[in-house]
Amino acid sequence: MMTRFERISEHITIMHAEHETDRPILAVVKGADKTLLIDAGNSPKHAALFQSYLKQEGHPSPDYVVLTHWHWDHTFGLPAWNIPVIAQSGTSEMLRQLAGLEWSKETLRELEDKGIINDQSSSDITKEYSDVSGIRVIVPDLVFKEQLEIDLGGVICDVELVGGDHAADSCYVYVREDKTLFMGDALGPSIYGGPRYYTPGNFLALLTRMRQYEAEIFVESHGIPTEKSEFYRDIHRWEQFALFVAQHGDNTEMIKQEMTGYLNVDSLPNEFIQAMDYFMEGIRRQKDAL
Ligand SMILES: [Zn+2]
């Protein structure tokens with residue numbers, strides 16, 4: 001069994017993702033002077049697990065937290081931390097809207113109807129919280145628009161707005177000294193407000209931005225930290241797929257043919273069959289927007 005906690009580089013310790021109720025990776029970055037938490041957890045209960053581990057290890061508790069994007073699973077753990085919250089302005093705006101709500105099953109249903117969350121989040125929230133009326137949403141204290149540099153003492157973190165389909169406020173957090181890039185959920189498809197989608201342009205732009213860092217370790221919130229050669233190998237296939245979509249539009253037969261040729265396989269692997277649906281939905285939306 002995988003251990004729940006792991007030191008992945010000189011200054012970084014993480015708590016691994018757990019999929020039962022969609023708990024993302026939480027991380028602390030420890031500098032000589034300050035410690036930064038990356039994402040707050042999906043509930044105070046989730047946060048408390050990481051807190052007690054850090055305490056047990058004699059690891060300094062975080063001085064501030066930075067959010068990768070506003071989604072509930074990354075932010076609803078904030079009340080447990082009671083430290084200054086750093087976030088992109090879009091993240092802050094969304095959390096301010098949610099902070100005004102009284103939480104109940106009815107509230108979840110209304111948010112679903114408005115496309116602000118989806119049925120999956122609703123069911124995960126209900127599983128994570130025995131009583132949803134206990135949800136408290138915190139509004140960030142320190143807000144940036146494009147990018148921010150956080151100096152922890154001998155360790156510098158670059159936070160940068162990258163956007164994309166998954167969430168318009170998605171940020172990358174790059175820990176320079178450890179050459180580690182936290183990507184949040186940025187590479188995922190859009191998940192709220194209708195069928196899931198990818199747009200080739202947005203997806204490719206995220207990859208271009210990713211390559212501009214000289215990262216050696218890549219951390220996606222719901223995955224496992226991956227070293228460069230493996231990450232690039234995997235991402236290259238996705239990039240190729242997005243390029244075929246960009247080239248052939250809604251000609252799925254052609255895309256299928258190109259991709260199976262590229263992978264040198266007889267039939268399209270499942271992950272790309274699903275991605276095809278997401279990309280076709282993205283293309284439909286782009287056409288509608290014109
Ligand atoms: Zn997300």
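**Exercise 1. In this predicted model, how many residues lie between S10 and S11 in their hairpin, and which turn residue has a positive phi?**

Solution. Start with the hairpin itself: S10 and S11 are separated by four residues. Then check the backbone of the turn, where Lys179 has a positive phi of about 45°. Next, look at the pairing. The two strands are antiparallel and share three bridges, and one bridge partner to locate is Thr180 in S11, which pairs with Val175.

**Exercise 2. Decide whether the residues of S10 are buried or exposed, and work out which way they point.**

Solution. Take the directions first. Cys171, Val173 and Val175 point one way, while Tyr172 and Tyr174 point the other way. This is a pattern you may recognise: side chains in a regular strand alternate between the two faces of the sheet. Now apply the cut-off for burial, under 20% relative accessible area. Five of the five residues of S10 are buried, so the strand is largely enclosed by the rest of the structure.

**Exercise 3. Place S10 in its sheet: what is the strand order, and which strands stand at the edges?**

Solution. Read the order as S8-S9-S10-S11-S12-S13, an open sheet of six strands with mixed pairing. S8 (147–151) and S13 (226–227) each have a single partner strand, so one side of each is left without a neighbour in the sheet. Helix H6 (residues 200–211) packs on this sheet, touching S9, S10, S11 and S12. The direction of H6 makes about 15° with that of S10. On the S9 side, S10 pairs in the antiparallel sense over five bridges, with Asp158 opposite Tyr174.

**Exercise 4. Find the protein donors of the zinc ion, then explain why their arrangement is irregular.**

Solution. List the donors: His69 (NE2), His71 (ND1), His166 (NE2) and Asp185 (OD), at 2.2 to 2.3 Å from the ion. Along the chain their spacing is H-x1-H-x94-H-x18-D. His166 is in the loop between S9 and S10 and Asp185 is in the loop between S11 and H6, so this pair ties together parts 19 residues apart in sequence. Both His166 and Asp185 are buried. For the geometry, the angles between donors run from 88 to 176°, whereas a tetrahedral site needs all of them between 85 and 135 degrees; the arrangement is therefore irregular.

**Exercise 5. Which residues touch the most other members of the largest nonpolar core?**

Solution. Among the 35 residues of this core, the answer is Phe50, Phe76 and Leu98. Helix H1 contributes the most, with four residues. To follow Leu98 outward, look for its contacts, including Trp70, Trp103 and Val137.

Methods. Residues are numbered from 1 along each chain as its sequence is written. This is a predicted model: local features need pLDDT of at least 70, side-chain atom pairs count only at pLDDT 80 or more; totals for chains, interfaces and linings use all residues. Side-chain values use heavy atoms; hydrogens and water are left out. Two strands pair if DSSP finds at least two bridges between them. Contact means heavy atoms within 4.5 Å. Axes are lines fitted to C-alpha atoms, for helices over the stretch in contact, and angles run from 0 to 180 degrees between N-to-C directions. Donors are N, O and S atoms within 2.8 Å of the metal (3.2 Å for Na, K and Ca); water is not among the atoms, so sites may look incomplete. Four donors count as tetrahedral if all angles lie between 85 and 135 degrees; four count as square planar and six as octahedral if opposite donors are over 155 degrees apart and all others between 65 and 115; anything else is irregular. Buried means under 20% relative accessible area, exposed over 50%, partly exposed in between (1.4 Å probe, protein chains only). A nonpolar core is a set of buried Ala, Val, Leu, Ile, Met, Phe, Trp, Tyr and Cys residues joined through side-chain atoms within 4.5 Å. Lists of a residue's contacts leave out its neighbours within four places in sequence.
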